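Colleague: I'm new to this one. Can you walk me through it?

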Amino acid sequence: RQMLESELEQKVSSDIYSATVQALAEVTDSRPALAANAAAQLAALLQTQPDTIRVSLVAGLAGIAVASPTTAQPIADRLIGLRDDGNSEVRAAVASALAKVGAANSTTLPAVIDTLIALLADKDSGISTGAANALKDLVVAKPTSAPQIIDTLALRLSSQDQRLRYFGLGA
């Protein structure tokens, strides 16, 4: 019973965080200084919060980047830094968030595409599938990104990285 209560508390806490972070992303729309400050605060929380909360923070950072283009590059850089995070849910959230950031801001595309392609080789098949879906979402949202994605993917697949070829194509 105690474990069930703890799980429920975490779920409620995560839902509250998620709603708060999404509201924050909406509030920062067209307020660059506020958006930059909010993004810095959320990025700092990534260091201290439990993984369930960190997933919501990643989504919130993406929301801020989409709403406020001036924050897109620093947020993309921060999310890219989480691609090797020890928690698979955080890495999955990063893949989804990067697709949104890349679709909203073209300057982030090269690094976003490289990171998503690198995540195709993640040891967790759920992450590699999530990265593939994120690339698909990126192409759907921003069709002009397709040639860049195809070129980068072809270059990476032609490399000697057998793991990328195996996991990337087998996802």
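Modeller: The largest nonpolar core has 39 residues, and V58, L79 and L116 have the most contacts inside it. A nonpolar core is a set of buried Ala, Val, Leu, Ile, Met, Phe, Trp, Tyr and Cys residues joined through side-chain atoms within 4.5 Å. This is a predicted model: local features need pLDDT of at least 70, side-chain atom pairs count only at pLDDT 80 or more, and totals for chains, interfaces and linings use all residues. Residues are numbered from 1 along each chain as its sequence is written, and side-chain values use heavy atoms, leaving out hydrogens and water.

Colleague: Which elements give two or more residues to this core?

Modeller: They are α2 (32-45), α3 (51-67), α4 (72-80), α5 (88-104), α6 and α7. Helices are DSSP runs of H or I, at least four residues, numbered from the N terminus. The most comes from α5, with eight residues.

Colleague: And what does V58 touch?

Modeller: Leaving aside residues up to four places away in sequence, V58 touches L46, L79, L82, V90, A93, V94 and A97. Contact means heavy atoms within 4.5 Å.

Colleague: Different topic. Where is D122, and is D122 buried or exposed?

Modeller: D122 sits in the loop between α6 (109-119) and α7 (125-141). D122 counts as buried because its relative accessibility is 9%; buried means under 20% relative accessible area and exposed over 50%, with partly exposed in between (1.4 Å probe, protein chains only).

Colleague: Which side chain does D122 join in a polar contact?

Modeller: That of R91, at 2.7 Å.

Conventions
Polar contact = N/O pair within 3.5 Å; in protein donor to acceptor, adjacent residues only side chain to side chain.
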